[in-house]
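Please look through the sequence and the model shown here before reading the report that follows.

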Amino acid sequence: MAERFYTTTAISYPNGSPHIGHAYELIATDVIARFKRLDGFDVLFLTGTDEHGIKMLQTARNLGISPLELADQNSAKFREMGRLLDSSNDDFIRTTEGRHRAACQEIWRRMLEAGDIYKGSYAGWYSVRDEAYYAEDETRLAEDGKRLGPQGTPVEWVEEESYFFRLSQFADRLLAHYDEHPDFIGPAERRNEIVSFVRSGLKDLSISRTTFDWGIPVPGDERHVMYVWVDALTNYLTATGFPDGGDRAGFWPADLHVIGKDIARFHTVYWPAFLMSAGLPVPKRVFVHGFLFNRGEKMSKSVGNVIDPNALVSAYGLDPVRYFLLREVPFGQDGNYSHEAIVGRMNSELANDLGNLAQRSLSMIAKNCDGFLPTPGAFTEADEAILAASGQLLQRCRAAVDRQELHVLLAAIVSVVSETNRYFAGEEPWVLRKTDPARMGTVLYVTAEVLRRVAILLQPVMPGSIAKLLDLLGVPDEERRFERLDQGFMLGAGRPLPAPAGVFPRYVEPVADEA
Ligand code: ME8
């Protein structure tokens, strides 16, 4: 039976439309899921929306609709974004679903039974208008002596009954876990930050609210709703069928949670502590990616520079956008997006290096070999060198994907494509056409074989365009999995190839309409 692999994105807040940060995370996780499927794993890939909590309630109130209406409208936009981006997620979870309520209530019961939940009171500066607590340093005194919150609304000192989770009791167990599982948090810088945060001591966590009811009721005390992060994190378990079991139960613990840097603590401190308390296994790895900035500026709705993924895809096409986002920014670091950068990558690496190589070699086969893949003669040193370099790619790519170094995956492939271009230029098959047609056939065969290897490995990143390229190379669907990159398997000489066609168009600046 195939080995299982379970990966997730964070679930997004549907209190607005999806932006490029959401698209980035979904695309990256999709590449990992597709890579694992092609590599023979039985994959479960989950994404979805995080629909409870005060933020949703406030946004809905401002819009004059119910929080569920808001969630319905925007969750549909996130689902739509998944389709637009060609995301291969196997499930899309909404935290307002019945299956999720059951899972949250069960994990709560288990934490309670373990003695890790107690009732206490929560105190702080509370804004009735915002329905939110603020820390003292988030508030300020107005001229009339009234205290105001960050939104300028009056706050008052309030004490509220709340359930608490004994997070303070978990520091040692968490530190031991980080120690025994050095790969639990990636990349390493994030791991170090979390370890020092936990070393500095943990406070118990307030995990219920009574001031609003847009959430999952606490079992046995329905005046309380669960703190949104207890609810949100549990989504990963819900999708495996917890607590009922079923077909997906074997997917827990998750192999990989992919999240952004602002929510690392929730996933690497709170989440494993909740699971340890409930007697459940902890996920194997949490990978923390960086933030995407619009030319260095953080995106926010108030700054008005949120990039709509729809706009990007219609400007450049889906696959160039997928490629660009993973190629440009080392995964795990912050990065910038700009029109010039995407056009640069698209035209130099996709249209020129890969697209032209395919177009030139396949057109020569069409013209000079009657459209049949030529039969190669004995391989020269140059042939062997490029075949060896492309033959090592699978191993390099696997290692990169297992560490979520998606930029390393692409860099490895790009370097083989460059090397193949040098090989092709150096062998001058257009000269050989006259002087040594048999040798020309060998060069074209080797080039097509290297393109096959590169294309098979690029499928997860650009599924649509690469499917076309593999069609042009005469690779049938059943030969597109990574097992076909094993030593010994090569393109069958003599296959008829379809008429060549361009796969990676150049980006041309649209000409402004003359008035
Ligand atoms: O945090 N660049 O939801 P969310 C890259 N509901 N990634 C970004 C980004 C940017 N500019 N902006 C946001 C939540 N993200 C919670 C998660 S999980 C149990 C609950 C990432 O809609 C962000 O880091 O604010 C997070 O991983 C994801 O998008 C969803 O963010």
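Against which helices do the buried residues of H11 pack? This is a predicted model, in which local features need pLDDT of at least 70 and side-chain atom pairs count only at pLDDT 80 or more, while totals for chains, interfaces and linings use all residues. Residues are numbered from 1 along each chain as its sequence is written.

The buried residues of H11 pack against H1 and the four other helices in the table, where helices (H or I, at least four residues) and strands (E, at least two) are DSSP runs numbered from the N terminus.

| Helix packed against H11 | Residues |
|---|---|
| H10 | 309-316 |
| H12 | 339-368 |
| H15 | 406-427 |
| H18 | 463-472 |

Nine of the 11 residues of H11 (residues 318-328) are buried, so this helix is largely enclosed by the rest of the structure; a residue is buried if 20 or more other C-beta atoms, placed from the backbone, lie within 10 Å of its own. Among them are Asp319, Arg322 and Leu326.

Leu326 is also one of the residues with the most contacts inside the largest nonpolar core, which has 126 residues; such a core is a set of buried Ala, Val, Leu, Ile, Met, Phe, Trp, Tyr and Cys residues joined through C-beta atoms within 7 Å. Helix H17 (residues 437-458) gives the most to this core, with 13 residues.

Around the ligand there are 19 residues, the closest including Ala10, Ser12 and Asp50, each with its C-beta atom, placed from the backbone, within 6 Å of the molecule. Helix H1 supplies four residues, the largest share of this shell.

How values were computed: Buried ≥ 20, exposed ≤ 12 C-beta atoms within 10 Å, placed from the backbone. Contact = placed C-beta atoms within 7 Å.
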